[in-house]
Amino acid sequence: MTKLITVLNGPNLNLLGQREPEKYGAKSLADVEAEVTELAGEIGLKVLFQQSNSEGGLVDMIHSARETSAGIIINPAAYSHTSVAILDALNTFDGPVIEVHISNIHKREEFRHHSFVSARAQGVIAGCGTQGYSLALRHIATLV
Ligand code: DQA
């Protein structure tokens, strides 16, 4: 059976393409979803691509992934830097987790340098633009 990868996006990423394009690029989240879905088909995976502006919404999506998914790719956005709840939820998930940041959080303000999620992630991709999602998918394909 084709394995499912859940791709989760945190707050404000619904505005990708409109929001600070100098930092996050011109593509919309729908564009990224289309790219990742196409790549998944090529490499024999399926993706469930989701976004929530709320911490609890992301926690619920991670709980659902426990039942459905072989791996999780997550851009927790601002919750990366604040959320123990998302870290705890990811710690209930058995498969690999790859963390993605579109921008290089280490080149930005100091408060963005620490991510709670990184303690759980097998790998972290930051600063590769929206291409980071495809890189994460190619990598997670080797793990599931
Ligand atoms: C982000 C980086 C975060 O610091 C920021 O809050 C975001 C997006 C990124 O993809 O570069 O919303 O996760």
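Biologist: Why does the pair formed by an oxygen atom of the ligand and an N or O atom in the side chain of His 101 count as a polar contact?

Modeller: In this predicted model, the two atoms are 2.9 Å apart. A polar contact requires a pair of N or O atoms within 3.5 Å, so this pair qualifies.

Biologist: Which polar side-chain atom lies 2.9 Å from an oxygen atom of the ligand, apart from that of His 101?

Modeller: It belongs to Asn 75. Its distance of 2.9 Å is within the limit of 3.5 Å, and the pair is therefore a polar contact.

Biologist: What part of Ile 102 approaches an oxygen atom of the ligand?

Modeller: A polar backbone atom of Ile 102 is 2.7 Å from an oxygen atom of the ligand. As for the surface of the ligand, taken alone it exposes 320 Å², and the protein buries 99% of that.

Biologist: Where does the ligand sit?

Modeller: The ligand occupies the largest cavity. A molecule is said to sit in a cavity if more than half of its atoms lie within 2 Å of the grid points, and this is why the ligand is assigned there.

Biologist: Which residues are around the ligand, and what makes them count as such?

Modeller: They are Arg 19, Tyr 24, Asn 75, Ala 77, Ala 78, His 81, His 101, Ile 102, Ser 103, Ile 105 and Arg 112. Each counts because one of its heavy atoms lies within 4 Å of the ligand. By class, this shell divides into five nonpolar, four polar and two charged residues.

Biologist: Why is Asn 12 called buried, exposed or partly exposed?

Modeller: Asn 12 has a relative accessibility of 36%. Buried requires under 20% and exposed over 50%, so Asn 12 is partly exposed. Asn 12 is placed in the loop between strand E1 (3-9) and helix H1 (21-24). Its phi is near 75°, a positive value in a residue other than glycine. Asn 12 and Asn 53 are 41 residues apart in sequence, yet their C-alpha atoms are 6.3 Å apart in space.

Biologist: What can be said of Glu 20, which is in the loop between E1 and H1?

Modeller: Glu 20 has a relative accessible area of 33%, which is neither under 20% nor over 50%, and is therefore partly exposed. Its phi is positive, about 35°, although Glu 20 is not a glycine.

Biologist: How do you know whether Ser 69 is buried or exposed?

Modeller: Ser 69 has 12% relative accessibility; this is under 20%, so Ser 69 is buried. Ser 69 is found in the loop between helix H3 (55-68) and strand E3 (71-75). Its side chain is joined to that of Thr 6 by a polar contact of 2.6 Å.

Biologist: Why is Val 59, in helix H3, called buried or exposed?

Modeller: The relative accessible area of Val 59 is 14%, again under 20%, so the term is buried. Val 59 and Ile 86 are 27 residues apart in sequence and 5.8 Å apart in space, C-alpha to C-alpha.

Biologist: What are the relative accessible areas of Ser 80 and Glu 99, and what do they imply?

Modeller: Ser 80 has a value of 0%, so Ser 80 is buried. Glu 99 likewise has 0%, and is therefore buried. Ser 80 is in the loop between E3 and helix H4 (84-90), whereas Glu 99 is in strand E4 (residues 97-101). Between C-alpha atoms, Ser 80 is 5.9 Å from Val 117, at a sequence separation of 37 residues. Glu 99 is 11 Å from Leu 135, C-alpha to C-alpha, at a separation of 36 residues.

Notes. Residues are numbered from 1 along each chain as its sequence is written. This is a predicted model: local features need pLDDT of at least 70, side-chain atom pairs count only at pLDDT 80 or more; totals for chains, interfaces and linings use all residues. Side-chain values use heavy atoms; hydrogens and water are left out. A polar contact is a pair of N or O atoms within 3.5 Å; within protein, one must be able to donate a hydrogen and the other to accept it, and residues adjacent in sequence count only if both atoms are side-chain atoms. Accessible areas come from the Shrake-Rupley method with a 1.4 Å probe; for residues, only the protein chains shown count as cover. On a 1 Å grid over the protein atoms alone, a cavity is a set of points where a 1.4 Å probe fits but cannot get out, and a pocket is an open set with protein on both sides within 12 Å along at least five of seven lines; lining residues have an atom within 4 Å of a point. Ala, Val, Leu, Ile, Met, Phe, Trp, Tyr, Cys and Pro count as nonpolar, Asp, Glu, Lys and Arg as charged, and the others, Gly among them, as polar. Helices (H or I, at least four residues) and strands (E, at least two) are DSSP runs, numbered from the N terminus. Buried means under 20% relative accessible area, exposed over 50%, partly exposed in between (1.4 Å probe, protein chains only).
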